[in-house]
Amino acid sequence: MAKIEEGGEVHGVYDVVVVGAGIMGSCAAYQIAKRGKTVLLVEQFDFLHRRGSSHGESRTIRVTYPEDYYTRMMKEAYKLWEEAESEAGYMVYQRTGHLDFGSPYNQSLLAVISSLQKEGVPHQILSHKEVAIRFPTLRLPEDSLVIYTSQGGILRASKAVAMFQALAAKHGAVLRDRAKVLRVSPHWRLPDGSDGILVGTGRGSALGKACILAAGAWTPQLVRDISGVELPIKPLHTSIAYWAVNKINPDALSPTRGFPSFADYGEPYIYGTPSIEYPGLVKVAVHSGVLCDPNRRSVSPDMEALKGVVSPWLASHFKGSVKWEAPIMAEGCMYSMTPDQDFILDHLPYSSKTEMVGINVLDCKQGFFAQNGRRAGQGRRRETARSQGSLPYLPEEADPDHGISSETEAFVQNGVESLQRDQLGICKSQILVAAGFSGHGFKMGPLVGRVMADLALTGVSQGVPLEMFSIQRFTKDAGGNHKLYEAPVKPVPQATIPRTRSS
């Protein structure tokens, strides 16, 4: 039975509390609830809001990646999308086929072919003549390297997020929006005496055996407040635009005429979808953006940047088929970029001796006890605060004034000893991070949800190279994972940043 209550407060004890109800958090909540576990999904804004990275009419879904691990991961992601659609009873994925093209010397594009071959993904390398016959509206240089895969298409973005939220609720998940998280505190005693996580929001507090932070561009601030860890994630404001197809042949770029989603691996990287969301309009945008503050960014698109970058591209690649002078409509979106443009899927290290965390070994041990109310008089202050209504609801059994459990004390000691043994050293908490999806994560939402549910409930997950998505990789190299080709997303000059406003 669905548990969505208008005006409902945040309270209770759960197996997992998920922070952030975009595609990643919603998929994680669904996976956890589907396994018969209790889960609370909290969102700081309204559900399906348009201020983050999961809203809009569509996202491209493709199996083509230079990194073979992403190509491999997409195989499972496709299956999970289909399973969710089957359970929901409606579709959010529409297959259109997908084209990748660019210079025959482009290392990323050559790596895409290698990944497809390695993973046994059916694909075609098209000649210039074949492109002209199959996609007559598209004009490419004669020496272009062109790859076609039939699995590509689009995902109905907001509809997909809503689908996973509905499925999560169907399996018993509790959903709360307009509940901004004010604190996430580890090492609070649960009713059964075990160690738990307190999640305090503006609408009350709840306890969980584990907590998943999937709050998009807001995740770094949450992580910083919890542990002092500085995640190397930079938010980018990006703009998505829809352009009018020539009225003489309005269906020329529609999937019914065989036109696919596409990506141009040139400078800049341009991507698009066929005329599918809005009749007579095609989505084409630049895979880039400007640095922004998620709390103060303008949600307006950068129309001048679109006209300055995308318009010339359309004029040269869709001669006569698209009105390239200016988009008919556009909207802003946001990327959360890591240096290597790989995800972060990991337990949050509570303390470390590395530069990444400004907490030493002694701080780690003292911090645990401070979190658990060991100082005299704290209980009286807490009771006063609660009676005055300034402290969120907290089950009495979980009150830190009752002292630290023996299990927690042992965990602290083990954590301190491990810090002395291991450079990253880790009091690894049951707080997990799913972040840094770098403008290409939406399509893998169901897979990320599965992985995060695995980690939260069992501590391990199979089928995904988690070492590539660890926080620790940035302690070895500030740039993260080393790659032999350039990353597709490059921030544009700061001068084009839209004016900001208070949110």
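Here is a chat between a visitor and a guide about this predicted model.

Visitor: What makes you call cysteine 27 buried?

Guide: Its relative accessible area is 1%. Buried means under 20%, so cysteine 27 counts as buried.

Visitor: And why is cysteine 333 called buried or exposed?

Guide: Cysteine 333 has a relative accessible area of 4%. The cut-off for buried is under 20%, so cysteine 333 is buried.

Visitor: How many disulfides turn up in the whole structure?

Guide: The search finds 0. To count, a pair of cysteine sulfur atoms has to be within 2.5 Å, and the search of the whole structure gave no such pair.

Visitor: What makes strand 1 "mostly covered"?

Guide: Strand 1 spans residues 13–19, and 6 of its 7 residues are buried.

Visitor: How do you know which strands pair with strand 1?

Guide: Pairing takes at least two bridges. Strand 1 has 6 bridges to strand 12, residues 204–213, and the two run parallel. With strand 2, residues 39–42, there are 4 bridges, again in the parallel sense. Both counts meet the cut-off, so strand 12 and strand 2 each pair with strand 1. If you want spots to look for, valine 17 stands opposite cysteine 211 in strand 12, and valine 19 stands opposite valine 42 in strand 2.

Visitor: What makes up the β-α-β unit, and what is its hand?

Guide: The pieces are strand 1, helix 1 (residues 23–34) and strand 2, and the unit is right-handed. With the strands pointing away from you, the path from strand 1 over helix 1 to strand 2 runs clockwise, which means the right-handed label fits.

Visitor: How many cavities does the search find?

Guide: There are 3 cavities of 30 Å³ or more. The largest cavity holds about 60 Å³ of space. Its lining includes Cys27, Tyr30, Phe164 and Pro446. Helix 1 and helix 2 (68–88) are the elements that give two or more residues to that lining, and helix 1 gives the largest share, 4 residues.

Visitor: What makes that lining nonpolar, polar or charged?

Guide: It divides into 6 nonpolar residues, 1 polar and 2 charged. Lys and Glu count as charged, so Lys34 and Glu83 fall in the charged class.

Visitor: What is the volume of the second largest pocket?

Guide: About 570 Å³. It is lined by 32 residues, and those closest to its centre are Ser108, Glu486, Ala487, Pro488 and Lys490. By class, the lining has 13 nonpolar, 12 polar and 7 charged residues.

Visitor: Why is histidine 187 called buried?

Guide: Histidine 187 has a relative accessible area of 2%, and the cut-off is under 20%, so the word buried applies. You'll find histidine 187 in strand 10, residues 181–189. Its phi is near 70°, a positive value in a residue other than glycine.

Visitor: How do you know whether serine 438 is buried or exposed?

Guide: The relative accessible area of serine 438 is 1%. That is under 20%, so serine 438 is buried. Serine 438 sits in the loop between strand 20 (428–435) and helix 11 (445–458). Although serine 438 is not a glycine, it has a positive phi of about 55°.

Visitor: What makes the peptide bond from glutamate 267 to proline 268 cis or trans?

Guide: Look at omega: it is near 0°, and the bond is cis. Proline 268 belongs to the loop between strand 14 (261–264) and strand 15 (270–273).

Definitions and conventions. Residues are numbered from 1 along each chain as its sequence is written. This is a predicted model: local features need pLDDT of at least 70, side-chain atom pairs count only at pLDDT 80 or more; totals for chains, interfaces and linings use all residues. Side-chain values use heavy atoms; hydrogens and water are left out. Buried means under 20% relative accessible area, exposed over 50%, partly exposed in between (1.4 Å probe, protein chains only). On a 1 Å grid over the protein atoms alone, a cavity is a set of points where a 1.4 Å probe fits but cannot get out, and a pocket is an open set with protein on both sides within 12 Å along at least five of seven lines; lining residues have an atom within 4 Å of a point. Grid points are joined across faces, edges and corners, and a volume is the space filled by probe spheres set on the points.
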